[in-house]
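Got your viewer open? Keep a selection box handy and follow along, stop by stop.

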Amino acid sequence: MQNHLEVKLGKKTDRKGPVIFSEYKRGEAIKKALSMSREDILFELKDSKLKGRGGAGFPTSTKWMLTAAAKAEKKFIICNADEGEPGTFKDRVLLMEYPELVFDGMVVGGYTIGAQLGIVYLRGEYEYLLKPLEDYLEEMRKDNLLGKNILGKEGFDFDIEIVLGSGAYVCGEETALIESLEGHRGEPRNRPPYPINTGFLGRPTSVNNIETLAAVSHIVVKGGKWFAKFGTDKSSGSKLFSVSGDCEKPGVYELPWGTKISELLEIVGAKNAKAVQIGGASGHCIPKSQFDRTLAYEDVPTGGSVMIFNENRDMLHVLKNFMEFFVDESCGQCTPCRIGNVKLLEGVEMIEKGQYTFAHINKLKELGRTMQLASKCGLGQSSPNPFISILENFKDEIFNRGNGGRNGR
Amino acid sequence: MEDKKSLRAPVSQKPHVVPKPEHPEYLGGSITVEINEKKLTVPFGTTILEACKQAQIHIPTLCHHEDLCVAGVCRVCVVEVEGMRTLQASCAFPITAPIKIKTTTNAVRKARKHIIDLLISEHYGECYSCFRNNNCELQSLAKEYGVDHYNFGHVTQPRYEVDNSSYSVVRDMDKCVLCKRCVRTCIDLQEVGVLEAIDRGHNTHIGTFFDKPLAEVICINCGQCINRCPTGALRANDPRDEIWAAIDDPTKHVVIQTAPSPRAAIGEEFGQGAGKSFTGELNTALRRIGFDKVFDTNFTADLTIIEEGTELILRLYKALVKKEIVALPQFTSCSPGWVKYLEHFYPEYIDNLSSAKSPQQMFGALIKTFYAQKAGIDPANIVSVALMPCSAKKFECNRPEMNSSGYKDVDYGLTTRELAQMIKEAGIFLPEMPQSHFDDPFGEASGAGLIFGATGGVMEAALRSVIEFVTGKRVEDVYANADITPVRGFEGIRYAEIPITEVGPVPKLLQHLVPDWNWLKGATLKIAVCHGTANAKKVMEDIKAGGKFSECHFIEFMACPGGCLGGGGQPIPTNEEIRKKRAEAIYNEDKSLPVRKSHENRHVTELYDMFLTDGPCGHISHKLLHTHYVKRGKFIA
């Protein structure tokens with residue numbers, strides 16, 4: 001994972017957005033937060049209705065409230081920078097261009113939950129960001145934004161460390177991430193217990209996505225009510241989307257929650273899209289007929305990955321690619337995920353060769369349902385999603401392939 | 001990370017231990033849950049699986065094992081918890097709220113069946129060519145869920161090579177279901193840490209350091225992983241074919257020694273409940289199979305006590321009277337798993353190990369010398385087999401230094417499971433055999449040798465002799481029925497102090513070594529007992545740190561939980577209840593014997609009169625009955 005890229009932090013382009021990409025000055029949130037009580041910060045967060053941006057959408061105020069309430073000598077706040085979902089790169093943009101938002105958010109989090117240490121679990125592939133980010137943290141220490149008695153706040157000591165991952169997709173799952181941080185094999189833990197009371201080194205730990213922390217910085221400065229003005233009732237604020245695939249302007253976009261898929265496609269210049277994979281490999285594949293659905297926790301939830309496929313793409317090939325990814329990236333711990341994904345991939349290969357029966361494909365869909373229910377963590381629980389949604393939404397294309405009349409019966 | 005301490009087992013393989021309330025009857029101490037619409041009150045923190053057991057609701061399990069920490073990986077035990085989106089593994093879910101559980105819904109049944117189908121699709125081999133046929137948890141699950149065909153296909157080619165590099169443990173990873181019981185046994189129960197999952201996704205497999213052969217890593221051969229493997233992926237290195245060949249060869253004189261623990265457990269292989277010894281029946285069965293002589297390992301256990309006890313006395317004498325520097329505390333050396341553990345993990349302490357061989361190896365050396373001479377048989381034609389509860393004994397008899405008779409002292413170590421198989425092959429139903437005695441010249445042994453099989457047994461046997469040697473009093477006058485209860489039990493580490501208030505005359509056997517006992521008067525003998533290498537590690541770390549165990553004089557170590565009766569060659573399954581019953585069987589047999597102290601075994605005293613003429617720890621005994629050890633360390637080439 002060597003990378004000789006010389007990277008400098010800072011803004012590359014003039015990004016525009018209502019919330020995350022709005023004006024912000026380094027240290028602003030910390031200064032404001034330290035003048036507030038912890039309870040007031042939690043109330044602001046509650047007002048903002050901010051939900052976790054990793055994809056699961058757990059209310060951040062609840063997570064912090066529970067971690068703050070847990071009784072322990074030591075607590076931790078972990079920034080999940082293991083951006084591993086295929087098709088997402090918005091966290092990298094935040095780290096490179098808006099590190100102040102992320103780190104200030106962590107300091108605010110540390111103050112709110114009572115943690116002394118924040119850990120950034122940085123994706124192994126982002127090793128080239130390590131040095132510049134560490135330099136940035138050093139700057140913060142110089143300015144007393146980190147360290148002892150931060151900005152003169154007596155008794156508030158907080159520091160941030162960066163730890164590199166080793167490139168396993170599953171380590172984006174918060175408990176596998178913690179296992180990896182502890183030096184073990186990256187395997188998800190049994191839940192309960194949740195990290196909020198038994199996390200890193202057995203201590204209360206809040207694991208937050210980069211984008212969540214960036215949003216916190218804005219909320220603290222501008223208020224929860226301001227944040228909640230954007231988006232929909234159940235999905236407040238805005239969202240960063242990593243747009244890739246068949247479009248004219250791929251990249252990172254900030255759009256308010258509630259944007260229609262068709263609107264997003266227009267903005268990015270995607271003509272003749274026939275499908276959009278939302279939420280990465282483990283997300284859902286939306287066919288053209290459903291492009292009027294909205295991007296929101298209540299309709300199509302996402303961690304931000306948007307992959308666009310045009311008319312020329314073979315959806316079975318797309319599905320095969322996703323399933324190969326899961327076969328490789330399953331941690332191998334639990335049966336449904338370890339073996340189930342192999343069986344689903346075999347099913348895709350059978351369709352590819354035209355050697356299948358519908359009875360078998362239906363059996364695999366049922367297996368997929370079991371995987372969703374019985375797998376140990378979110379990886380196995382969501383890995384059958386593309387299998388089920390692509391075979392359902394593109395059945396005409398997939399089952400009427402030109403393969404010498406050897407279609408299944 | 002400032003306070004990052006290394007934990008042996010990852011938390012992903014540990015249960016959420018919710019401390020159970022001391023008084024569940026107090027307010028908040030217990031919770032009422034609903035299982036299949038039936039109400040049940042359980043202590044706070046009980047797992048769903050435990051609660052279902054209390055409610056007599058059967059939940060299938062595979063990766064769960066009572067001796068081990070929770071993994072929650074096989075997912076066979078999933079149940080529905082109202083309000084939760086996904087199914088929950090009942091083995092790993094602690095009850096902390098009044099939840100409603102359903103164990104037989106359509107989703108649950110379907111999920112379990114799917115999981116079993118998936119496991120079988122990857123399980124290479126056929127049941128009839130597997131030693132675990134009829135005692136396999138995967139097979140039972142398949143039967144329980146009515147698997148009648150391969151729903152998701154079946155592997156037709158092996159993916160892994162069988163690793164039979166080790167004298168003790170054979171690994172056939174094509175039969176592995178990745179329940180990780182062996183991993184948890186090795187890393188958490190035994191704290192050795194040889195096995196771990198390697199690779200990920202579909203390539204995940206259980207392997208050793210850099211996938212090296214088991215013989216080349218720091219495996220201590222305890223075989224605890226075999227006892228806990230649900231399938232046939234792990235087994236002991238089986239010498240049955242060679243033994244049958246020797247029996248069938250008329251030029252070979254095949255003798256077998258039987259250890260007490262297999263005798264207390266072999267009935268389990270014949271459908272008998274745990275807790276009954278079949279010593280007499282086994283003697284008859286072995287003769288009918290074709291063994292020429294059947295000897296009792298307890299005889300050399302008695303001999304071990306004399307040799308090891310004398311060694312202890314000599315070490316103490318050197319330390320206290322001659323003021324020489326000697327290694328103390330003295331560690332027992334009967335458990336070959338423990339010996340190899342120490343050689344790997346604490347090589348700097350090998351001088352503390354008693355140089356006395358284990359009973360198995362002492363017997364081996366005597367059979368091909370003393371017995372061969374007496375019976376007029378060429379030792380080259382003797383095939384010496386040892387029935388042991390242990391897989392490490394197979395390694396021990398193959399140690400290069402174990403040939404003091406001029407031949408390989410013990411030719412084959414045979415486990416309880418393997419012998420049971422031989423008995424079945426011979427068409428014998430063991431429990432119905434008439435009883436018979438052991439063969440001379442070693443005859444019956446004492447109860448002291450017998451209790452070697454249970455943790456604390458070696459210590460108790462040694463104390464029965466040492467107390468009588470030193471004080472001249474009968475041990476029955478000190479401990480009722482000569483049951484030295486402070487060293488008994490299943491607690492992981494036991495510690496006791498025995499003050500020596502009066503001393504007697506030095507017995508004849510030891511007169512050439514110490515002039516009198518006055519130097520011991522007023523002293524306090526400090527002893528400890530521990531079983532399982534995880535406990536051994538605690539004791540060793542304490543010794544290293546100069547804690548209370550460093551002041552001990554004598555410590556008994558057994559590699560396996562429960563001692564030999566819980567050994568890696570014993571019948572499967574194992575759990576604490578079964579081990580306790582085996583211990584009962586052993587202590588009951590001890591109670592029934594006329595001679596219960598090693599030094600009162602007349603055959604042992606005869607042996608010193610006739611053969612080991614320069615006494616315990618003399619030249620002859622040093623040549624035949626003592627050994628040396630290797631500083632192995634943890635370096636893996």
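Among contacts in chain A between residues at least 6 apart in sequence, what percentage join residues at least 24 apart? The figure is 72%, where a contact means heavy atoms within 4.5 Å.

Before moving on, some ground rules: this is a predicted model, where local features need pLDDT of at least 70 and side-chain atom pairs count only at pLDDT 80 or more, while totals for chains, interfaces and linings use all residues. Residues are numbered from 1 along each chain as its sequence is written, chains are lettered from A and ligands numbered from 1 in the order in which they are written, and side-chain values use heavy atoms, with hydrogens and water left out.

**Stop 1: chain A**

Select chain A and switch to cartoon. You should find 16 helices and nine strands; these are DSSP runs numbered from the N terminus, helices being H or I with at least four residues and strands E with at least two. Along the principal axes, the C-alpha atoms of chain A fill a box of roughly 75 × 45 × 45 Å. The radius of gyration of chain A is 22 Å, in agreement with the value near 22 Å for a compact globule of 409 residues. That radius is taken over C-alpha atoms, and the globule rule is 2.2 Å times the number of residues to the power 0.38.

Now colour by burial: 62% of the 409 residues in chain A are buried. Buried means under 20% relative accessible area, exposed over 50%, and partly exposed in between, with a 1.4 Å probe and protein chains only.

**Stop 2: A:Ser289**

Zoom to A:Ser289, in the loop between β8 (284-287) and β9 (305-310) of chain A. Is A:Ser289 buried or exposed? A:Ser289 counts as exposed because its relative accessibility is 64%. Add A:Asn393 to the selection: C-alpha to C-alpha, the pair is 9.4 Å apart in space, yet 104 residues apart in sequence.

**Stop 3: chain B**

Switch to chain B, with its 20 helices and 17 strands. Its radius of gyration is 26 Å, close to the 26 Å of the globule rule for 637 residues, so chain B is as compact as a globular protein of that length. The box for the C-alpha atoms of chain B is roughly 80 × 60 × 50 Å along the principal axes. Of the 637 residues of chain B, 61% count as buried. Taking contacts in chain B between residues at least 6 apart in sequence, 76% join residues at least 24 apart.

**Stop 4: B:Glu268**

Next, pick B:Glu268, which sits in the loop between α7 (260-265) and α8 (279-289) of chain B. B:Glu268 counts as buried because its relative accessibility is 18%. Which residues does it touch, not counting those up to four places away in sequence? Show B:Gly273, B:Ala274, B:Pro571, B:Ile578 and B:Arg582 as sticks to see them.

**Stop 5: the cysteines**

Last, look for disulfides, meaning pairs of cysteine sulfur atoms within 2.5 Å. The count over all chains is zero. Why is B:Cys222 not bonded to B:Cys560? The sulfur of B:Cys560 is the closest cysteine sulfur to that of B:Cys222, but at 5.2 Å it is too far for a bond. B:Cys222 itself is buried, at 11% relative accessibility. Then move to B:Cys564, also in no disulfide: the nearest cysteine sulfur, that of B:Cys390, is 6.9 Å away. B:Cys564 is partly exposed, with a relative accessible area of 26%.
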